[in-house]
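This report goes through a two-part structure by region. The sequence and the model are shown first, and the description follows.

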Amino acid sequence: MTQAAGISLLELNQRIRETLKSNLPTALWVRAEIAEFREHRNGHCYLELVEKDPSGDQVVARLRAMIWAYQYRSIKPFFETATGRPLGNGIKVLVQGVVDFQELYGMSFQIRNIDPAYTLGDLEQRRQEVLQRLRSDGVINMNKGQELPLVPQRIAVISSETAAGYGDFIQQLSNNAYGLKFYCKLFPALMQGEQAPSSIISALDRIYAYEAHFDVVVLIRGGGAALDLLCFDDYDLAYHLTQFPLPVITGIGHDRDVSVADMVAHTSAKTPTAVAEFLISGAAAVLERVEAAARLLKTATREQLQGHRQGMDKLAYQTAPLARRLLSDRKYALATLARRLPSLGALFLQQQHQRLMQAVRVLQQAPARQVADGRRELQRASERLAGGSRSALKRAQEGIQMLERANRLNDPVEVLKRGYSMSYSGGKVVKEVAGLQPGEVLETVFRDGRVQSKVIEVKIKE
Amino acid sequence: MAEENLTYSKALAEIEETLGLMEREALDVDDLSLKVRRVAELIGFCRQKLLQTEEAVEKVLKDIEA
C-alpha cells in the first residue's frame, strides 16, 4: 500500500462504522447535559449532549443525539409526567441509546430510553445547592420578615399579560363575593424559559421604584401547558425575591415540588386563583370583624343607654320617697322642739328663779355677818389708828363702803328694780302654780308698789 | 376622616378595645357618646376603605409605567 494511493473517505468511514459496531455493540446508558434541543416538525427530536467539567464552565465532551419520532412520542410524555418538566436546555439526563455512525452524516447517539429519576435527582440537587447558598448568605427568610398588611389591597402583579393565570387572578379578585376593592397593576415579565429570571428581576426593579404605592407583590405564572418551572429555582431570582422590601406572594402553579421562589416568598399558593382566594379571605375576615363591631356597637350602645336610663329612673324613683321621708323627719323634729320650747322656757325661768332666791337667802344672812366682820376690822383699824395708821382706817372705810354697795345690789328691792316681781298668797311667797285656784287673789310686789290680782286660770306645765 | 397613617390594624385595635370597655361597662356616660361616635367613625373608615373605590389610588396606579 503506497502512501499516495491511501483509502477513500468512504472506506475510512466504513471502517469507523465497523469498529464502532464491534466495540459498542449494545445500547449504553449515558449521563449528559442537554445543550441544544430542537423538535423538528417531522416529529424527530435533535439534541446536542455535552459534559462540563466540575466547575461547570468548560465543556469537555460533546455529541450530537437524536430521538426518532416514533420513540419521542412516548419518551416526551413519560419524562414530563415523571419530572413535571419538559426536556430542554440545561437539563441533565440519563439516556439509553446506541452510537450510530453513518458515512454521510457522521456520528450520532440515538436515544431510545430515558431515566427521569436521574434528572429529578440532579434538579433536586441543584435546588438544594441554591437553597444552601441562600441560607449561607443569610437571606433565605428575609422576605418572610416583611410585614404583610392586614388587608393588602394595592397589588403589584408580575405575570405575562396574555396568560390565562393572570386573567383568572384578576377575574377572581374583582368579582369577589364581598364587594371588596383591590387595586392591581401588572408588571409584565416572561414567566418561562431561560430569560424568565432576568425578566422577572427587571419587573421587580420597576416595582421597587413605586414601592410606597403597593402593599404586596404577586408573582403568578402565565399558566398554559408549559411545565418549565426551572427558572423559579434560579439563584439570582430567589436572591432578588428575598431582598424585596414588599412581601411577595407566589402562585406559580406547580403540583409537584415547591420551587425555590415559593420557598423564599413571604407566602406561596399553588395557583394564581389560590393567591386571589388568599387575598380575598384575608380582607373578608377584616370586613367581618368590622361588621361584627358595627353590630356590637349598636347593641352595646343601646344597652348602655338603657342601663343609664334605668339607673336614672331608679334614682328618680328612689329620690322622691327619700326626699319626702327626709322632710317629714325634719318636720317631726321641729314639731318636737316646738312642743318642748314652752316647758324649756319655763324650766329656764324656774332655774333662774331658784338661783335668785338662793342669792336672796345668802344676802339676807351675809350682809349682817360682813358688817360685823367690817366692824371688827374697823375696831382693829381704829386700834391701829390709835397706833397712828391712817391708811388702815381708810382701807377699812373703803371696805365698808364696798360691802354696803354689794348689800344694796343684793337687796330684794334692788332685785325688784331689775324687773322681777314676787307674788304672795295668804302672806306666803307663791313659788309654784300648783295649789292655786281660779278666783284666788294674789298680791304681787313690784319695785314701785303692789297689785292685787285674781287667778283666772291655772296651767301646769307637763 | 382625614387621619393620616390610619391602618386597618390600628382602626380595628381601637374599635375592639373600646367595644371591650363598653361590654365591661367600664365607660361612664359622659365618655360614652364620644367613644361611640369615634368607633362609628372608625367602622366607617374600614368599610369605606374595604368596599369603596379610591380614585386617588386608581389614578396613581394608572400613571405608573409598568
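Which residue in E12(A) stands opposite Tyr424(A)? Val429(A) in E12(A) is the residue opposite Tyr424(A). The model is predicted, and the sections below describe its sheets, its helices and the side of chain B that touches chain A.

## The antiparallel sheet of four strands

The pair Tyr424(A) and Val429(A) belongs to two strands, E11 and E12 of chain A, which run antiparallel and are joined by 2 bridges. Strand E11 covers residues 422-425. Next to the pair just named, Ser425(A) has Lys428(A) of E12(A) opposite to it. The two strands make a hairpin with 2 residues between them. In the turn of this hairpin, Gly426(A) has a positive phi of about 60°.

E11(A) also pairs with strand E13 of chain A, residues 441-446, again in the antiparallel sense and over 3 bridges. Here Ser423(A) stands opposite Thr444(A) of E13(A). Taken together, the strands form an open sheet of 4, in the order E12-E11-E13-E14 (chain A), with antiparallel pairing. Its edge strands are E12 (428-429) and E14 (449-454) of chain A, and each of these pairs on one side only.

## The parallel sheet of five strands

A further open sheet of chain A holds 5 strands in the order E7-E6-E8-E9-E10, and its pairing is parallel. Strand E7 (183-188) and strand E10 (267-269) of chain A each have a single partner strand, so one side of each has no neighbour in the sheet. On average, neighbouring strands of this sheet are turned by 20° against each other, direction ignored.

At the E7(A) end of the order, strand E6 of chain A, residues 154-159, runs parallel to E7(A) and is joined to it by 6 bridges. One bridge partner pair is Ser159(A) with Pro188(A), the latter in E7(A).

## Strands E1, E4 and E5 of chain A

Strand E4 of chain A, residues 92-102, pairs with strand E1 of chain A, residues 28-39, in the antiparallel sense over 6 bridges. Within this pairing, Val93(A) in E4(A) stands opposite Ala32(A).

E4(A) is also joined to strand E5 of chain A, residues 106-114, by 8 bridges, and these two strands run antiparallel. Val95(A) has Ile114(A) in E5(A) as its bridge partner. The connection from E4(A) to E5(A) is a hairpin through 3 residues.

## Helix H1 of chain A

Helix H1 of chain A spans residues 9-23, which is 15 residues. At 1.5 Å a residue the expected span is 21 Å, and the end C-alpha atoms are 21 Å apart, so the two values agree.

Is this helix buried or in the open? Of the 15 residues of H1(A), the number buried is 0, so the helix lies largely in the open. The cut-off behind this count is that a buried residue has 20 or more other C-beta atoms within 10 Å of its own.

## Chain B and its helix packing

Chain B has 3 helices and 0 strands, and along the sequence its pattern is α-α-α. Of its 66 residues, 20% are buried.

Two packed helices are described by the angle between their axes and the distance between the axes. The axes of H1(B) and H2(B) come within 10 Å and cross at roughly 145°, and this crossing is left-handed. On the H1(B) side the contact includes Tyr8(B), Ile15(B) and Leu19(B), while the H2(B) side includes Val39(B), Leu42(B) and Phe45(B). By class, the residues of this contact are 9 nonpolar, 1 polar and 2 charged.

## Where chain B touches chain A

How many residues of chain B are in contact with chain A? The number is 28, and they are in contact with 28 residues of chain A. Helices H1 (8-23), H2 (29-51) and H3 (55-63) of chain B each supply at least two residues of the side that touches chain A.

H2(B) gives the most to this side, with 10 residues. The residues of the side of chain B that touches chain A comprise 19 nonpolar, 4 polar and 5 charged.

Terms used
Residues numbered from 1 in each chain as written. Chains lettered and ligands numbered in written order. Predicted model: local features only at pLDDT ≥ 70, side-chain atom pairs only at ≥ 80, totals over all residues. Pairing = 2+ DSSP bridges. Axes fitted to C-alpha atoms, helices over the stretch in contact; angles between N-to-C directions. Buried ≥ 20, exposed ≤ 12 C-beta atoms within 10 Å, placed from the backbone. Contact = placed C-beta atoms within 7 Å. Nonpolar A, V, L, I, M, F, W, Y, C, P; charged D, E, K, R; others polar. Expected span 1.5 Å × (residues − 1). Left-handed = near helix turned anticlockwise from the far one by under 90°.
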